[in-house]
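Reader: Hello! I would love a close look at one small part of this model, with the cut-offs spelled out as we go.

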Amino acid sequence: MLQSQLFPKTKKESPKDAVSINHKLLVRAGFIDQLMAGSWTLLPLGWRVINKIIGIIREEMNAIGGQELLMPLMHPKEIWNETGRWESAKEVMYQLTDARKKEFALSFTHEEIVMDLLRKHVNSYNDLPVAMYHFSTKFRNELRPTGGILRGREFLMKDLYSAHQTEEDMNDYYEKVSDAYIKIFNRIGFDSYITEAAGGVFTENRTREFQVVAEAGEDTIYIKKDTKKALNKEVFEGNLDDYEEKRSIEVGNIFPFGDKKYSEKMNVTYQDRDGQSKLVYFASYGIGVTRLLGTAVEVFHDERGIIWPKSIAPYQVHLIELKKERNEEIKKKAEEIYDKLQNAGVEILWDDREVMAGEKFADADLIGIPVRLVVSEKSGDKIEWKERNSDKTELLQLDEVIERMCTREK
Ligand code: ATP
Ligand code: MG
């Protein structure tokens with residue numbers, strides 16, 4: 001991608017109302033744009049990161065047998081009445097009436113919709129277990145949509161749902177999903193904690209959250225010393241000596257509902273081997289996809305800008321050409337590097353603009369691509385290699401650069 005053509009350009013100033021780091025940096029660097037409180041456009045750079053995150057989640061969901069689908073965002077009132085959530089979740093749900101006075105809800109979650117699918121398509125024990133997931137927009141009437149993209153009124157979630165014959169099978173799968181979640185957060189580069197918490201509007205029971213330690217977080221967790229486990233403040237009881245208190249961001253939450261909460265209310269049954277009709281055991285599992293984008297910036301940045309982990313960086317290489325006047329040789333060199341790296345499958349952003357070196361370097365630090373390559377009169381027939389998270393520079397041949405890029409771990 002040529003930076004001269006990239007939409008939009010970076011900004012010198014953060015938005016006036018921006019308090020959180022992810023809000024400031026993501027807007028300045030051109031990853032997101034705010035339409036209104038809690039509502040964001042994912043600009044081309046931001047959308048690239050989101051797609052990297054989606055790719056990682058999708059691989060791990062498929063690895064545990066999840067089947068991807070896509071469910072509607074607008075739902076009839078009747079389906080929400082079946083579980084009583086049209087009333088009980090009124091505060092978070094956007095409800096609307098059309099010109100013919102028919103009432104609808106915008107998706108704030110999809111349990112009821114999955115239940116409807118299950119009761120239509122699951123007949124016998126042969127049809128279970130089943131797990132399905134999608135990446136889709138959720139609408140929630142959040143009272144305080146602050147914290148940049150961490151809390152939206154409209155945001156992207158990955159939600160997985162599973163249905164089982166027995167409680168035991170549900171619990172086994174619940175552990176599998178929990179392991180997959182930890183893998184996902186590790187692959188992004190986060191240090192995440194499995195956290196016991198209360199269920200909120202979703203269930204009376206306790207649930208398991210996945211928390212990433214960050215000052216900007218709205219949650220307080222107590223990490224059991226020397227483990228990857230924690231308790232959310234809301235359920236914490238015990239001796240503080242064995243725990244470490246931290247601020248954290250909830251990036252995922254999983255719910256083992258069982259057969260009462262949804263199946264009984266919506267009459268979702270299957271015929272068992274003995275010919276009897278039984279209720280389906282059901283669980284749901286969410287990850288905040290756009291929240292992960294903001295969390296990454298909260299965790300990985302310095303005073304100059306973002307420092308993307310390789311696994312979710314919008315591009316792997318930021319190529320900068322520096323030329324005094326019109327030095328065609330340097331332009332040609334940059335072109336050769338760009339073409340060869342692209343052909344080797346490396347994602348590369350080329351700062352081909354006619355601007356001062358200082359501006360190019362500042363933008364590279366702000367945008368935060370893992371490797372910066374510079375060609376200039378100074379680098380001669382070599383290329384300067386510098387990583388975003390280090391101050392060390394090296395001079396390399398093009399072959400060496402390609403070799404390094406192709407053998408680097410993701
Ligand atoms: P929170 O406590 O932060 O309001 P929640 O517990 O209501 O979140 P869940 O219903 O558990 O959220 O949703 C699953 C995941 O979706 C959360 O773990 C979080 O990562 C993400 N998420 C929830 N609400 C938002 C939001 N308003 N904006 C962005 N992501 C969100
Ligand atoms: Mg939650």
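What is the relative accessibility of Asn253, and does Asn253 count as buried or exposed?

Author: Happy to help! This is a predicted model, where local features need pLDDT of at least 70, side-chain atom pairs count only at pLDDT 80 or more, and totals for chains, interfaces and linings use all residues. Residues are numbered from 1 along each chain as its sequence is written, chains are lettered from A and ligands numbered from 1 in written order, and side-chain values use heavy atoms, without hydrogens or water.

Asn253 has a relative accessibility of 10%, so Asn253 counts as buried (under 20% relative accessible area; exposed is over 50%, partly exposed in between, with a 1.4 Å probe and protein chains only). Asn253 also binds metal: through OD1, Asn253 coordinates the magnesium ion (ligand 2), together with OE of Glu250, at 2.2 Å. Donors here are N, O and S atoms within 2.8 Å of the metal (3.2 Å for Na, K and Ca), and sites may look incomplete because water is not among the atoms. Glu250, in contrast to buried Asn253, is partly exposed, at 24% relative accessible area.

Let us step on to Ile254, a residue of strand 13, which spans residues 243-258 (strands are DSSP runs of E, at least two residues, numbered from the N terminus). With 0% relative accessibility, Ile254 counts as buried. Leaving aside residues up to four places away in sequence, Ile254 touches Tyr174, Val177, Ser178, Tyr181, Thr207, Arg208, Phe210, Ser284 and Tyr285, where contact means heavy atoms within 4.5 Å. One of these partners, Val177, is 77 residues from Ile254 along the chain, yet their C-alpha atoms are separated by 8.4 Å.

How values were computed. Helices (H or I, at least four residues) and strands (E, at least two) are DSSP runs, numbered from the N terminus.
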